[in-house]
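Reader: I am new to protein structures and would like to learn how to read one. Could you walk me through a few features?

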Amino acid sequence: MNAEDRVIVALDVPDERSAIALVERLEQVSFWKVGLELFTSTGPKILELLKSRQKRIFLDLKFHDIPNTVAGACRAASRYGVDLLTIHAISGKEALKAATEAIQVGASSAGVKPPKLIAITLLTSISSRQLAFDLKIPLELPEYVLEMLLMAQETGLDGAVCSPQEVSQLRQNCGKDFLLVCPGVRPTWAAAKDQARSLTPAQALKAGADYLVIGRPITASDNPELAWKKICEELATVS
């Protein structure tokens with residue numbers, strides 16, 4: 001797989017018109033993330049549009065609910081034929097198990113390949129201080145993220161979303177076949193904004209990430225095509 005194929009560009013725009021404009025402007029991007037805002041605005045129509053253009057899709061809805069509700073949502077989402085789908089690990093073992101079973105049923109009923117189910121370990125906007133003082137979690141942040149990842153792996157999920165700052169340690173614990181997807185990736189020339197735990201794209205791949213999720217450094221740039229080109233050139237140096 002080429003390095004640029006491991007970059008998932010976040011289609012974090014408010015409506016279908018904006019999404020189409022960005023996809024057409026960045027024709028060379030093969031993998032797009034559809035999150036809560038865009039999916040709530042357009043529904044599955046945006047997924048159909050991306051699939052019609054032979055794009056891969058990361059449907060990042062971060063399900064978090066009781067097991068029965070999570071299972072129903074995953075069963076429905078798996079029918080769309082997307083490549084990756086997210087659920088919060090903090091939903092618990094029963095919900096994670098129910099989700100893994102549901103995506104198989106949903107995909108089979110639609111005659112499509114089931115998505116890879118990916119656990120959210122901890123949002124990359126959360127700092128160690130927030131974890132301790134706001135969320136009242138007594139574990140150190142790397143330990144907490146590792147516990148969430150191991151629970152996801154035990155319950156049959158395909159991978160996890162994690163900060164690039166944790167990816168090296170997590171790779172050592174989960175092995176090479178468990179997918180690690182890293183948002184919060186920022187080139188040196190881009191502002192960190194609300195990402196509390198970040199690395200550059202090259203650093204994240206070298207640390208063991210399978211996929212990088214990059215949004216605003218590309219999509220909010222004055223020249224998205226140039227930003228994409230600069231990131232691809234940086235990743236081309238990673239062996």
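**Reading a pocket, a barrel and two loops**

Author: Happily! Keep in mind that this is a predicted model. Let's begin with a pocket: by class, the second largest pocket is lined by 7 nonpolar, 1 polar and 4 charged residues.

Reader: Which residues line the second largest pocket?

Author: Among them are Phe31, Arg56, Asp83, Lys113, Lys116, Leu179 and Tyr211. The space in this pocket is about 170 Å³.

Reader: Now the sheet, please. How do its strands run?

Author: The general idea is that strands of a sheet pair through backbone hydrogen bonds, either parallel or antiparallel. Here 8 strands form a closed barrel in the order 1-2-3-4-5-6-7-8, with parallel pairing. On average, neighbouring strands are turned by 25° against each other, direction ignored.

Reader: How many bridges join strand 1 to strand 8?

Author: There are 3 bridges between strand 1 (residues 7-10) and strand 8 (residues 211-214). Look for Val9, which stands opposite Ile214 in strand 8.

Reader: And which strands does helix 4 lie across?

Author: Helix 4 (residues 67-78) lies across strand 3, strand 4 (84-88) and strand 5 (116-120), and runs at about 165° to strand 3.

Reader: Let's try the loops. Where does Gln54 lie, and is Gln54 buried or exposed?

Author: Find the loop between helix 3 (45-52) and strand 3 (56-63): Gln54 is there. Its phi is near 60°, a positive value in a residue other than glycine. Gln54 has a relative accessible area of 66%, so Gln54 is exposed.

Reader: What about Lys136?

Author: Lys136 lies in the loop between helix 6 (128-134) and helix 7 (141-154). Phi of Lys136 is also positive, near 60°. Lys136 counts as exposed because its relative accessibility is 63%, and the cut-off for exposed is over 50%.

Methods:
Residues are numbered from 1 along each chain as its sequence is written. This is a predicted model: local features need pLDDT of at least 70, side-chain atom pairs count only at pLDDT 80 or more; totals for chains, interfaces and linings use all residues. Side-chain values use heavy atoms; hydrogens and water are left out. On a 1 Å grid over the protein atoms alone, a cavity is a set of points where a 1.4 Å probe fits but cannot get out, and a pocket is an open set with protein on both sides within 12 Å along at least five of seven lines; lining residues have an atom within 4 Å of a point. Grid points are joined across faces, edges and corners, and a volume is the space filled by probe spheres set on the points. Ala, Val, Leu, Ile, Met, Phe, Trp, Tyr, Cys and Pro count as nonpolar, Asp, Glu, Lys and Arg as charged, and the others, Gly among them, as polar. Helices (H or I, at least four residues) and strands (E, at least two) are DSSP runs, numbered from the N terminus. Buried means under 20% relative accessible area, exposed over 50%, partly exposed in between (1.4 Å probe, protein chains only). Two strands pair if DSSP finds at least two bridges between them. Axes are lines fitted to C-alpha atoms, for helices over the stretch in contact, and angles run from 0 to 180 degrees between N-to-C directions. Contact means heavy atoms within 4.5 Å.
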